[in-house]
Amino acid sequence: MSDSRIIGWEKILPELAVFFTVLRMRTEFQTKNGIDLTPFNLFLSGRPGTNKTEGVLRLCPLLGYSVEYIDCSTLDDIAELAGVVDIQANREHGIARIIEGDLLNKDILVLDEFLNARPHVVPQFRLMLQGKLKLLAKEVPIRTKCLIATANLSEDMDAGEANVLDSPTADRFAMLIRVPSLRDLKTDEKDAIIEARSGHGFENVL
């Protein structure tokens, strides 16, 4: 990975351009008409080391979006994304109050290690991917415009011999993009990785 681009990502730039163009159009429509739309989500998969998370964390600010990420494998409940329960208010005053966090105020939230989420958390993610999140039995507002899930693929998954996402979860994503692995790159691209040559940045392409 060089200072200005991710080598090999040129292969998926057309798909990324379509996704972010539609996302911008949806955001402008929502702002103009005062209509709440469900999040417009993207799933990025690929072999370990293909810079999926690093790539989107770099790309989003270049496109004018605030971005944050969470490691899905560490979550016991996705309500943790909204904040934490105010234990003092609950114990002393019997009030169910939330100390809100900042994650859901970002334009884009990256759900890293998505396939490693604990089994009981997966159904919660399906609801969140539809723009719904509950904490203390109350609906929590999600200001996030887009959820981008990233996941490492096993060799079987990469070869198409095993399922990556189950259908109910896959249906919550507008686009599923597979990031090229080293074996998909041309010789000069592999040489560029080794030599860490610089190239054109995302901002000159999308």
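A disulfide here is a pair of cysteine sulfur atoms within 2.5 Å. With that cut-off, a search of the whole structure turns up zero disulfides. The coordinates are a predicted model, in which local features need pLDDT of at least 70 and side-chain atom pairs count only at pLDDT 80 or more, while totals for chains, interfaces and linings use all residues. Residues are numbered from 1 along each chain as its sequence is written, and side-chain values use heavy atoms, with hydrogens and water left out.

**Whole chain**

Begin with the protein chain in cartoon view. You will find seven helices and nine strands; helices (H or I, at least four residues) and strands (E, at least two) are DSSP runs, numbered from the N terminus. Switch on the surface: the accessible area, by the Shrake-Rupley method with a 1.4 Å probe and with only the protein chains shown counting as cover for residues, comes to about 11,200 Å², of which 49% belongs to carbon and sulfur atoms. Buried residues make up 40% of the 206 residues. Buried means under 20% relative accessible area, exposed means over 50%, and partly exposed lies in between (1.4 Å probe, protein chains only). Among contacts (heavy atoms within 4.5 Å) between residues at least 6 apart in sequence, 78% join residues at least 24 apart.

**The open sheet**

Next, select β2, β5, β8, β1 and β9. These five strands form an open, parallel sheet in the order β2-β5-β8-β1-β9. Two strands count as paired if DSSP finds at least two bridges between them. The edges are β2 (67–71) and β9 (175–178), each pairing on one side only. On average, neighbouring strands here are turned by 20° against each other, direction ignored; axes are lines fitted to C-alpha atoms, for helices over the stretch in contact, and angles run from 0 to 180 degrees between N-to-C directions.

Zoom in on the β2 edge. Five bridges link β2 to β5 (residues 108–112) in the parallel sense, and V67 has I108 as its bridge partner. Then move to the other edge, where β1 and β9 run parallel and are joined by four bridges; there, L44 is partnered with I177. Which residues of β9 are on its covered face? Select M175 and I177 for the covered face, then L176 and R178 for the uncovered one. In a regular strand the side chains alternate between the two faces of the sheet.

**Two helices on the sheet**

Now bring back helix α1 (residues 13–33). This helix packs on the sheet and touches β1 (42–46), β5, β8 (146–152) and β9, with its direction at about 150° to that of β9. Follow with helix α2 (residues 52–62), which lies across β1, β2, β5 and β8 and runs at about 155° to β8.

Within helix α2, pick G55. G55 counts as buried because its relative accessibility is 0%. Add W9 and draw a distance: the two C-alpha atoms are 8.8 Å apart, across 46 residues of sequence.

Stay in this area and select C60, which is also at 0% relative accessibility and therefore buried. C60 is in no disulfide, and the nearest cysteine sulfur, that of C146, is 7.0 Å away.

**Two nonpolar cores**

A nonpolar core is a set of buried Ala, Val, Leu, Ile, Met, Phe, Trp, Tyr and Cys residues joined through side-chain atoms within 4.5 Å. In the largest one, of 24 residues, those with the most contacts inside it are I78, L81, L104, L111, F114, F125 and M128. β5, α4 and β8 each give two or more residues to this core, and β8 gives the most, with three.

Show F125 as sticks. Leaving out residues up to four places away in sequence, F125 touches C72, L75, I78, L81, L111, F114 and A117. Of these neighbours, C72 is buried, at 0% relative accessibility. A second, separate core has 23 residues, including C60, V67, I148 and M175.

**Either side of β5**

Finish at the ends of β5. D107 sits in the loop between β4 (98–100) and β5 and is buried at 16% relative accessibility. Beyond four places in sequence, D107 touches G64, Y65, S66, T144, K145 and C146.

Your last selection is E113, in the loop between β5 and α4 (122–128). What is the sign of its phi? The phi of E113 is positive, about 55°, although E113 is not a glycine. With a relative accessible area of 22%, E113 is partly exposed.
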